[in-house]
Amino acid sequence: MSEYQTLDTPDGPFTIVATDGAVLASGWTASLDDLVPLVHSSIRPSMVDPGVVGAAAEAVTAYYAGELGAVAAVPVRQRSGAFLEHAWEVLRGVPAGAPVTYTEYAAKAGRPAAVRAAASACARNSAALFVPCHRVLRTDGTLGGFRWGVEVKRSLLARES
């Protein structure tokens, strides 16, 4: 069964959609309509009920309380092609306080020339915070885009520095 829970955070409402303890989608919104379409069709739940998403919600609360690594232990389930799935796993290894550029991220993912593919992995990430795409910056060090707004990205990076 898939469930969702919305938490109040300093950056606004944060909603998590999870199945069997694994995050399918998450982000700074109170609307399921913003999240469910991000889930790959092969694992997209047909029905999502309000509930308690357990460890995922606890990890977000811990993150905002200063335990920045808490979200890294929560299972995430995303589907796509081999490169994107690998790139998302690599991104989970980027530690808080140590953002990387898109070029560095592409190299860490094993394809140094695939900077656009690395950027696409960030853009297509459905599990924000748990897969920390906010930790990827433009080559010149500027923030770049973020699905949930540049102000949220700036706040997260400031919290992690």
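1. In this predicted model, F130 is a convenient place to start: leaving aside residues up to four places away in sequence, F130 touches F14, I16, V23, S26, A56, A59, V60, V71, V74, V76 and R92.

2. F130 also belongs to the largest nonpolar core, which has 50 residues, and together with I16, W28 and Y105 it is one of those that touch the most other members. At least two residues of this core come from each of strands β2 (12-19) and β3 (22-27) and from each of helices α1 (32-35), α2 (55-64), α3 (82-92), α4 (102-108), α5 (115-123) and α6 (150-160). Because domain 1 (2-73) and domain 2 (82-160) both give residues to the core, it lies between them.

3. The salt bridges number three. In one of them D11 pairs with R159, with the closest N and O atoms 3.2 Å apart; since D11 sits in the loop between β1 (2-9) and β2 while R159 is in helix α6, the pair ties together parts that are 148 residues apart in sequence. D11 is buried, at 16% relative accessible area, whereas R159, at 27%, counts as partly exposed.

4. A salt bridge also joins the side chains of E160 and R135, at 2.9 Å from N to O, and this pair links distant parts of the chain, with E160 in helix α6 and R135 in the loop between α5 and β6 (136-137), 25 residues apart. E160 is buried at 5% relative accessibility, and R135 is likewise buried, with a relative accessible area of 5%.

5. The salt bridge between R154 and E151 has its closest N and O atoms 2.5 Å apart, and both residues lie in helix α6, three residues or about one turn of the helix apart. R154 is partly exposed at 40% relative accessibility, while E151, at 56%, counts as exposed.

Notes
Residues are numbered from 1 along each chain as its sequence is written. This is a predicted model: local features need pLDDT of at least 70, side-chain atom pairs count only at pLDDT 80 or more; totals for chains, interfaces and linings use all residues. Side-chain values use heavy atoms; hydrogens and water are left out. A nonpolar core is a set of buried Ala, Val, Leu, Ile, Met, Phe, Trp, Tyr and Cys residues joined through side-chain atoms within 4.5 Å. Buried means under 20% relative accessible area, exposed over 50%, partly exposed in between (1.4 Å probe, protein chains only). Helices (H or I, at least four residues) and strands (E, at least two) are DSSP runs, numbered from the N terminus. Domain bounds come from an automatic or database domain assignment. Contact means heavy atoms within 4.5 Å. A salt bridge is a side-chain nitrogen of Lys or Arg within 4 Å of a carboxyl oxygen of Asp or Glu.
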